[in-house]
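The following exercises concern the meeting of two domains in one protein. Please study the sequence and structure, then work through each solution in order.

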Amino acid sequence: GKDKSGGEDGSGAKWTQLETTWRLSTLPFRLAHTAIAANWKPRTRPSWSKALDQAVGSLRTCTANTPLNMALIRLVTERGVPSSAVPEAEDVVRLTQDLGNGLKVRVHYPAGLGHYSEAERFFVYVQPPTASSASNGHRGLASRLALACSAAVVMVDYRRPPESERGEALEDLEKAYRWLVHQPGVTPAQLLVAADGLGAALGLNLLTSLRDACAAGEPDILPAGCVLLSPWTDLTDFSSPSWAKHAEVDHLDARVAAYVAEHYAGLA
């Protein structure tokens, strides 16, 4: 019978249950091979560090061997990158703040500060719905961003599609943003919205919502700017030549990307 998890290869052929089981059971060995190979093979791109090459290689290995199942995709994207590939910065304080109704944020800021409100600048960082703020890669990224920019970096554990509506994710992000901007010592002029991948779509939704609220007469709390890393905002394009051109360096292939887009925004 057909694999009910929706696994398929690059040609669109469905994986059998046996192949799905085999791919998942051998994934740890494939990841070990990827890590070892990173020590001796040439860099995928000359400008990449060994750690970045290993991180991308790990994610490519995971997504190529994961059935089309959101829970599994999240699992491999959150844990597929070893913490050694994107290590957390030292001398950074990490705390969790409960904003009520199940919404929590994680704040990263330099240990030299007495409180995160003493930071020079502030980031609301939006990770993709395929990862949580506790994922290996995003913990490392947030802590390093905090240290490099003398900033407090706030990551939001927002409700994630497809279990929740995209509008609910936006509600959580806006609630966290408004909480931060009203903290003592924080002003919109010091604040940036940052996002990566599919999180960029949500980040832009957040900025649009804040802009519309301002236009409707609410106080202007728009941030000073936004930073988008590898933004994925066009969720309808899976035929662009760039998918084939960059297939060797993209960590997310078109097969998984199309599935994530469909379950995130109802797009085929």
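**Exercise 1.** How many residues of domain 1 are in contact with residues of domain 2?

*Solution.* The model is predicted, so local features need pLDDT of at least 70 and side-chain atom pairs pLDDT 80 or more, while totals for chains, interfaces and linings use all residues. Residues are numbered from 1 along each chain as its sequence is written, and side-chain values use heavy atoms, without hydrogens and water.
Step 1: Domain 1 covers 17-84 + 236-265 and domain 2 covers 88-229, with bounds from an automatic or database domain assignment.
Step 2: With contact defined as heavy atoms within 4.5 Å, 13 residues of domain 1 touch 15 residues of domain 2.

**Exercise 2.** State the area buried between domain 1 and domain 2, and identify the main contributors from domain 1.

*Solution.* Step 1: Buried area is the accessible area (1.4 Å probe) that two parts lose on being put together, summed over both.
Step 2: The value is about 1,200 Å², and carbon and sulfur atoms give 56% of that area.
Step 3: Of the area that domain 1 buries against domain 2, 61% is supplied by Arg 74, Glu 78 and Tyr 264, more than by any other three residues.

**Exercise 3.** Which side chains meet in a salt bridge?

*Solution.* Step 1: A salt bridge requires a side-chain nitrogen of Lys or Arg within 4 Å of a carboxyl oxygen of Asp or Glu.
Step 2: The rule finds 1 salt bridge across the interface of domain 1 and domain 2.
Step 3: Arg 74 and Glu 163 form a salt bridge at 2.9 Å, N to O.
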